[in-house]
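Student: Could we go through the helix packing and the aromatic contacts of this structure?

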Amino acid sequence: MPRNVTAGLDGSPESLAAADWAAREALLRDTPLRLVHAWEWEPYAYTPLAGAGVPRAVSDADRDWVERMPREAQSRLVRRHPGLRIGLDRIAEQPVPALLAAEDAEVLVLGSRGLNGVTGFLLGSVALAVVARTARPVVLVRAGERAEDEHLPDGAGVASTVTPYRDVVLGLDLRNPDDKVIEFAFDAASRRAANLRVLHGWSLPVSSHGYGGIVDPEFDAELTARVRQELSDVLRPWRTKFPGVEVNEQTVIGGAGSHLVDASWDAALVVVGRRIRNVQFGPHIGPVTHAVLHHATAPVAVVPHD
């Protein structure tokens, strides 16, 4: 099977929004779209009174929905994007292993339940498990996400799909600036002809002079200049590789998570990394990525790296 953009489909509003986003991404990448509907009937239902599992009846309506929903979603996307190659796989398996097995996917796209404009995402168990375990980039899309949300409004302030894209925002950790994360962000900006805003959060050291943590202003300025120079040095080869991408570098005081959430309000896409770790208590996505996934308003791409 050729490389593709793969979207998980379960019929929910957020998964349908994710499928729409995935279709647009597949067109940007000139690659097919693959829709995956993974399902597996639970043969037993737990009943508290019985204290044990009892056989679960599968109705004809349930079976009809499993057959009908994916086909309707595929047909809708075909009508919206007539030139896009769209495949559909119905897999009799639990969603997490089915999505983790998508080895031909350049990007996995999943829905994430939107709460409201303040709290952003609510990350479901399937999305969280896939994000924490897959070796592929995953994009989380909230319900209600529209194509025009990725673009700047027109001159009259009206939402549009023909205006330039909003910025792609990259959260970059200078302690571990992985090439996979940086390249994903530059590539996303390049395909959209969008500006790339690179944001690095850092903290001033606590003063050793006993002045309540106040740092000498000259030392503060010197340290700030050093951090900015380090950020520029890391990005220099990528500016050369992607000369058409306009880059705006930002170093901010404090944790990057809250700054990235603020930036998401005016972004087409937020890109963060997830360090692959073998830890004792299961997969780990990191505090910054965790904060962005739960509170960002724009789609979020999580790129795993060593």
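**Rings and helix contacts**

Tutor: The structure holds two aromatic pairs, a pair being rings of Phe, Tyr and Trp (its six-membered ring) with centres within 6.5 Å. This is a predicted model, where local features need pLDDT of at least 70, side-chain atom pairs count only at pLDDT 80 or more, and totals for chains, interfaces and linings use all residues. Residues are numbered from 1 along each chain as its sequence is written, and side-chain values use heavy atoms, with hydrogens and water left out.

Student: Which residues do the ring pairs link into a cluster?

Tutor: A pair of aromatic rings is described by the distance of the centres and the angle of the planes. Here ring pairs join into a cluster, and its members are Phe-186, Trp-238 and Phe-242.

Student: Over the face of which residue does Arg-192 lie?

Tutor: A charge sits over a ring if NZ of Lys or CZ of Arg is within 6 Å of the ring centre and within 35 degrees of the ring normal. Arg-192 is 5.9 Å from the ring centre of Tyr-165.

Student: Is α1 roughly parallel or roughly perpendicular to α5?

Tutor: Helices are DSSP runs (H or I, at least four residues), numbered from the N terminus. The axes, lines fitted to C-alpha atoms over the stretch in contact, with angles from 0 to 180 degrees between N-to-C directions, come within 10 Å for α1 (residues 13–29) and α5 (residues 179–192) and cross at roughly 85°. Angles of 65 to 115 degrees count as roughly perpendicular, and those under 35 as roughly parallel. The crossing therefore makes α1, relative to α5, roughly perpendicular.

Student: Which residues of α5 meet α1?

Tutor: Contact means heavy atoms within 4.5 Å. From α1, the residues are Trp-21, Glu-25, Leu-28 and Arg-29. Their counterparts in α5 are Phe-184, Asp-187, Arg-191 and Arg-192.

How values were computed
Phe/Tyr/Trp six-rings, centres within 6.5 Å; stacked < 30°, edge-to-face > 60°. Helix = DSSP H or I, 4+ residues; strand = E, 2+ residues; numbered from the N terminus. Parallel < 35°, antiparallel > 145°, perpendicular 65-115°, else oblique.
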